[in-house]
Amino acid sequence: LDLMLPGKDGLEICREMRKNNILTPIIMLTARDDEIDRVLGLELGADDYVTKPFSVRELTARVKAVLRRRQAVKEEIEPNQGQIIVGAFVIKPEKYEIYLNGQRLDLTLKEYELLALLIKNRGRVMKREYLLQVLWDMPESVSTRVLDVQVSKLREKIEADSSHPQYIKTVRGVGYKFEEQS
């Protein structure tokens with residue numbers, strides 16, 4: 001959030017979100033760098049505060065740090081939160097297992113991570129660069145071919161006909177998305 005947004009400022013939006021128990025991580029991005037502004041933003045519920053100008057690398061590191069902290073708190077509050085059911089798929093995060101129609105899929109760790117990420121974001125197009133960053137953490141050194149091979153192997157394991165996939169769809173020039181079957 002920027003502090004100087006048109007209409008409502010970022011502080012007011014942050015205040016309203018926290019008042020309504022919306023726990024979406026918030027990073028304040030602003031040119032206002034007075035100590036009082038930083039303190040106020042954090043006290044109203046922002047998770048971090050970054051002043052302009054900032055580098056993309058620093059912002060990316062701060063976003064990752066906020067998400068790590070949020071995940072650690074979530075796991076502490078909701079240990080072994082349970083399974084995630086999406087259509088015919090059941091994800092058991094605490095066991096790193098995914099079931100399709102009641103049958104446990106024989107997946108490698110990367111296949112599990114990729115399929116779980118796609119299922120959890122069903123309907124959303126996941127960009128190739130994002131998937132490479134999240135799953136391999138080094139997109140510039142990992143060929144997009146690695147991702148294509150993983151998707152191909154997953155399709156062989158979950159699709160009735162991997163040449164005409166029903167679940168993992170390719171969005172040309174962008175990435176992949178998981179479509180829930182009704």
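Is Tyr96 buried or exposed? That is a good place to start reading this predicted model, and the points below take it from there.

1. **Tyr96.** With a relative accessible area of 53%, Tyr96 is exposed, because exposed here means over 50%. The residue sits in the loop that links β4 and β5. Its backbone deserves a look as well: phi is positive, at about 55°, although Tyr96 is not a glycine.

2. **Asn101.** A little further along, in the loop between β5 and β6, you will find Asn101. Here too phi is positive at about 55°, and Asn101 is not a glycine. The relative accessible area of Asn101 is 59%, so this residue counts as exposed.

3. **The sheet around these loops.** Four strands make up an open sheet, arranged in the order β3-β4-β5-β6, with antiparallel pairing. The edges are taken by β3 (84-86) and β6 (103-104); each has a single partner strand, so one side of each lacks a neighbour in the sheet.

4. **The β4-β5 pair.** Four bridges connect β4, residues 89-92, with β5, residues 97-100, in the antiparallel sense. If you want a residue pair to centre your view on, Ile91 stands opposite Ile98 in β5.

5. **The helix on the sheet.** Helix α4, which covers residues 109-120, lies across three of the strands, β3, β4 and β5. Relative to β4, the helix runs at about 120°.

6. **Asp2.** Moving to the start of the chain, Asp2 belongs to the segment before α1 (10-19). Its relative accessibility is 18%, and because the cut-off for buried is under 20%, Asp2 counts as buried. The Asp2 side chain reaches the backbone nitrogen of Met4 at 2.9 Å. Setting aside neighbours within four places in sequence, Asp2 is in contact with Asp9, Gly10, Leu29, Thr30 and Lys52.

7. **Lys52 and the cis peptide.** Lys52, one of the residues in contact with Asp2, is also joined to Pro53 by a cis peptide bond. Omega for that bond is about -5°. Pro53 itself is found in the loop between β2 (48-51) and α3 (56-77).

8. **Where to look.** For a quick tour of the backbone, you could visit the positive phi values of Tyr96 and Asn101, then the cis bond between Lys52 and Pro53. For the side chains, the buried Asp2 can be set beside the exposed Tyr96 and the exposed Asn101.

Technical notes
Residues are numbered from 1 along each chain as its sequence is written. This is a predicted model: local features need pLDDT of at least 70, side-chain atom pairs count only at pLDDT 80 or more; totals for chains, interfaces and linings use all residues. Side-chain values use heavy atoms; hydrogens and water are left out. Two strands pair if DSSP finds at least two bridges between them. Helices (H or I, at least four residues) and strands (E, at least two) are DSSP runs, numbered from the N terminus. Contact means heavy atoms within 4.5 Å. Axes are lines fitted to C-alpha atoms, for helices over the stretch in contact, and angles run from 0 to 180 degrees between N-to-C directions. Buried means under 20% relative accessible area, exposed over 50%, partly exposed in between (1.4 Å probe, protein chains only). A polar contact is a pair of N or O atoms within 3.5 Å; within protein, one must be able to donate a hydrogen and the other to accept it, and residues adjacent in sequence count only if both atoms are side-chain atoms.
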